[in-house]
Amino acid sequence: MPALQLSRFSSLRAFGHRDFVHVWSGALVSNIGTWMETLALGVFVTTVTGRAEATGGIAALTFLPGVLLSPVSGALADRFDRRTFVAMGMLAQAVLAALLTLMAFTGRLTVPAVAVLSFLNGCASSLVNPAFAALISRSVPPEDLHSAFSLNSAQFNLGRIIGPALGAAVLATHGITWTLAVNSLSFVAVLWALWRVRPQPPSARERREPLWTGLVRGARVAREDPTLGMTLLATLAVSALVSPFIGLVPVFAIRVFHEGAAATSLLVGSQGMGAVMAAVLVGPLVARLGRRRLLEACLVFIGPMAAVYWMAPTLHTAALALVGLGALYMGTLTSLNTACQLRVPAELQGRMSGIYSMMIAVGYAAGVWMQGALADRVGVRLITAGCALFFLALVLTQRLLRPEAFAATEAPRAPELVAAPAASPHLDGGEF
């Protein structure tokens, strides 16, 4: 029984589960440190190179490993104790953060070094993220899953608010070295929290199933379920056409508004504020509108809101627009992730998280580099706003051509339809 007796439709229902509270609180502290590092490195690369392509390229390197590693990580997460698996990945990220700090202390921090360590950090993140999502899925019952993902997004965005503000202050007073050092220490919190979470061992069947067979089984389910296919393609499109606003914030602040770390912090924090507000409202909105209508609304409005942000005439107007964009972005990804998880049984949640993470990695890595490169040649505003409006056109076209796929996101798929192993270890074509 949940420790907290919360309203049936409350966005806070997941807080009634002990393991989720531990995971949530530890991840919050770690994400504050991560956003301090993100701000510091973004300002460092943009200031040293003066090129949007370089800033976008560094951001892309963090996500690029997910193209190959996320599906493998999802399959591994279903084969091992998820708590231990996540802890090992977090430990690897802590070591990389310590290396960045050491290089800054010794005066050897360079853009190529940041690129290499960002790539390695992306490898570690790609292995951790699907397992972390699956860990959350097992920490709450199905009826509280939307609440759990919303609150997880809220803690990530609380880190987005607190981290850049704290990072800008430390950067201004003590420089990049101490900013990176705080991030290194923040990993202690998440490792301690994971130690207090109950183990989540896999079933005997998942331990026996060969890794390749498990990968194919997850891919087969994603390919054969039209709703999953639509949801994953929507995730890919959001990541490629809208999500690059995250990695290009330093470029927008420095090159368009001619500001520095403080302006970057304001914009990043504004997005986080919007996302936290959305996390509080998502429970009542799901209760009133249903998952399908909420997802449709987010997909329709996120493109125009992104265009408004990119065309904002002043820094403070952009910050205000970013509050709305942050709310829509959080609602969109939370709804897409929840739809994916509810379409598969518990034993496939790790693999589905892996495929979902791969869609984000492919889209974001390509999108942030492409938009950054084109921004150097055509202009930041024109390229980014154009991509956002193109996303709107894709959504409206898909809504007209395949309305039944949207309707199916309202109800989970029957577990018995996907619980059986794949008949063949090979895919017969398809996207995944």
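Two residues are in contact here when heavy atoms of each lie within 4.5 Å. With that in hand, let's take a friendly walk through this predicted model, stopping at three places.

**F245, inside a loop**

Our starting point is F245, which sits in the loop that runs between α9 (226-241) and α10 (249-256). Leaving out residues up to four places away in sequence, F245 touches Q271, Y309, W310, L322, L325 and Y329. Its relative accessible area is 1%, so F245 is buried. Another residue to find in the view is G367: it is 122 residues from F245 along the chain, yet the C-alpha atoms of the two are separated by 9.7 Å.

**T101, on a helix**

Next comes T101, a residue of helix α4 (residues 82-105). Beyond residues up to four places away in sequence, T101 is in touch with T177, L180, A181 and S184. Two of these partners also appear in polar pairings with T101: its side chain has a polar atom 3.1 Å from the backbone oxygen of L180, and a polar contact of 2.9 Å links it to the side chain of S184.

**A nonpolar patch on the surface**

Finally, look at the surface, where W369, M370, L374, V378 and L382 make up a nonpolar patch with about 470 Å² of accessible area together. Helix α14 (residues 349-378) supplies the largest share, four residues. L382 belongs to helix α15 (residues 380-401).

Here are the three residues with their accessibility values:

| Residue | Relative accessibility | Class |
|---|---|---|
| F245 | 1% | buried |
| T101 | 7% | buried |
| L382 | 57% | exposed |

Definitions and conventions: Residues are numbered from 1 along each chain as its sequence is written. This is a predicted model: local features need pLDDT of at least 70, side-chain atom pairs count only at pLDDT 80 or more; totals for chains, interfaces and linings use all residues. Side-chain values use heavy atoms; hydrogens and water are left out. Helices (H or I, at least four residues) and strands (E, at least two) are DSSP runs, numbered from the N terminus. Buried means under 20% relative accessible area, exposed over 50%, partly exposed in between (1.4 Å probe, protein chains only). A polar contact is a pair of N or O atoms within 3.5 Å; within protein, one must be able to donate a hydrogen and the other to accept it, and residues adjacent in sequence count only if both atoms are side-chain atoms. Patches are made of residues with over 30% relative accessible area and no salt bridge: like charges are joined within 9 Å, nonpolar side chains (Val, Leu, Ile, Met, Phe, Trp, Tyr) within 5 Å. Accessible areas come from the Shrake-Rupley method with a 1.4 Å probe; for residues, only the protein chains shown count as cover. A salt bridge is a side-chain nitrogen of Lys or Arg within 4 Å of a carboxyl oxygen of Asp or Glu.
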